[in-house]
Amino acid sequence: MKAGCSQQQNAEAVLFIVHLCLFGGYQLTELQICHLCNGTVQNGTATGQFCSRSGGLIDGRCCLRGKENTSNVVYVIGLDLSNCSLSHVENLQEASTAAMIDLSMNLLLTLDDSLFEGFIQLGSLILPSNLVCPGGNASWEKVEVKGETVLCEGQKDICNQTGHLSLTCPENSLCSADGPGLFQCDCVEDFHGYKCLREGQFPIIQVFGPLGASAFLVSILLWVTQRRKAKLV
């Protein structure tokens, strides 16, 4: 029994050293989402296990990973807001890079689909069983109810669903996924403007040139006016 405890302690020590090596150059984030409620990600939870498999670093309710070839830059790969007594959630954008989010065991009655706008990496979402997966079941590879939770797993790329967006994006544009059940239409190269109807590069000089000149003239006029008033005084 003592040998088993010793091996476990050694494993934890090795894991701690690995974290120091990987994240020693990074500073823990000041992301508010990571400290939205008390406590930290627990090892036995789904998010904790995901974080361990992914080699992430736990900071409050977040699992973080450092960006390669950068210093002091980390991003959220997992978020565990389970059992936080939340009655509503308004903004999760600080965790838009998350691959896993747990919102179970909360008093949530509804979630707006736009809450997950830009969450294109989200592959696993755990919700209270009274809620539906964002974008509907058709936006996920697997939807499973387990007791008081519902698991939304394997986000589908809505742009790759045959025939679903054939008439949605205008000509000269391409559909790109923007979260569960969400998409945006991006103009192809050399097209811009309303519904991507204008061809050629965006006329930066023609648009912003007159605006800049006007602002400069107004500034000169105000400066001259103020100097005259100062002399009179």
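Analyst: A salt bridge here is a side-chain nitrogen of Lys or Arg within 4 Å of a carboxyl oxygen of Asp or Glu. By that rule, this predicted model holds one salt bridge.

User: Thanks! What makes Lys-142 and Glu-144 a salt bridge?

Analyst: The closest N and O atoms of Lys-142 and Glu-144 are 3.2 Å apart. The cut-off is 4 Å, so the pair qualifies. More broadly, side chains of opposite charge can pair when their charged atoms come close.

User: Why are Lys-142 and Glu-144 each called partly exposed?

Analyst: Partly exposed covers the range between 20% and 50% relative accessible area. Lys-142 has 40%, so it falls in that range. Glu-144 has 27%, so it falls there too.

User: Now for Leu-131. Where is it, and why is it called buried?

Analyst: Leu-131 sits in the loop between S5 and S6. Its relative accessible area is 8%, and buried means under 20%, so the label fits.

User: Which residues is Leu-131 in contact with, leaving aside neighbours within four places in sequence?

Analyst: They are Leu-108, Leu-109, Thr-110, Leu-111 and Val-150. Thr-149 is 18 residues from Leu-131 in sequence, and their C-alpha atoms are 8.8 Å apart in space.

User: On to Leu-217. Why does it count as exposed, and where does it lie?

Analyst: Leu-217 has a relative accessible area of 58%. Exposed means over 50%, so Leu-217 earns the word. It belongs to helix H3, residues 204–232. Leu-217 also joins Phe-216, Ile-220, Trp-223 and Val-224 in a nonpolar surface patch, with about 520 Å² of accessible area together.

User: Let's turn to the sheet. How do you know that S5 and S7 pair?

Analyst: Two strands pair if there are at least two bridges between them. Strand S5 (residues 124–128) and strand S7 (residues 149–155) have five, so they pass, and the sense is antiparallel. Leu-125, for one, stands opposite Cys-152 in S7.

User: What is the order of the strands in the open sheet, and what makes S1 and S6 edge strands?

Analyst: The seven strands run S1-S2-S3-S4-S5-S7-S6, with mixed pairing. Strands S1 (57–59) and S6 (140–146) each pair on one side only, and that makes them the edges. From one strand to the next, the twist averages 25°.

User: Which strands does helix H2 lie across?

Analyst: Helix H2 (residues 46–54) lies across S1, S2, S3, S4 and S5, and it runs at about 150° to S3.

Terms used
Residues numbered from 1 in each chain as written. Predicted model: local features only at pLDDT ≥ 70, side-chain atom pairs only at ≥ 80, totals over all residues. Heavy atoms only, no water. Patch = residues over 30% accessible without salt bridge, like charges linked within 9 Å, V, L, I, M, F, W, Y side chains within 5 Å. Areas by Shrake-Rupley, 256 points an atom, 1.4 Å probe, with all protein chains shown as cover. Helix = DSSP H or I, 4+ residues; strand = E, 2+ residues; numbered from the N terminus. Buried < 20%, exposed > 50% of the residue type's maximum accessible area, 1.4 Å probe, protein only. Axes fitted to C-alpha atoms, helices over the stretch in contact; angles between N-to-C directions. Contact = heavy atoms within 4.5 Å.
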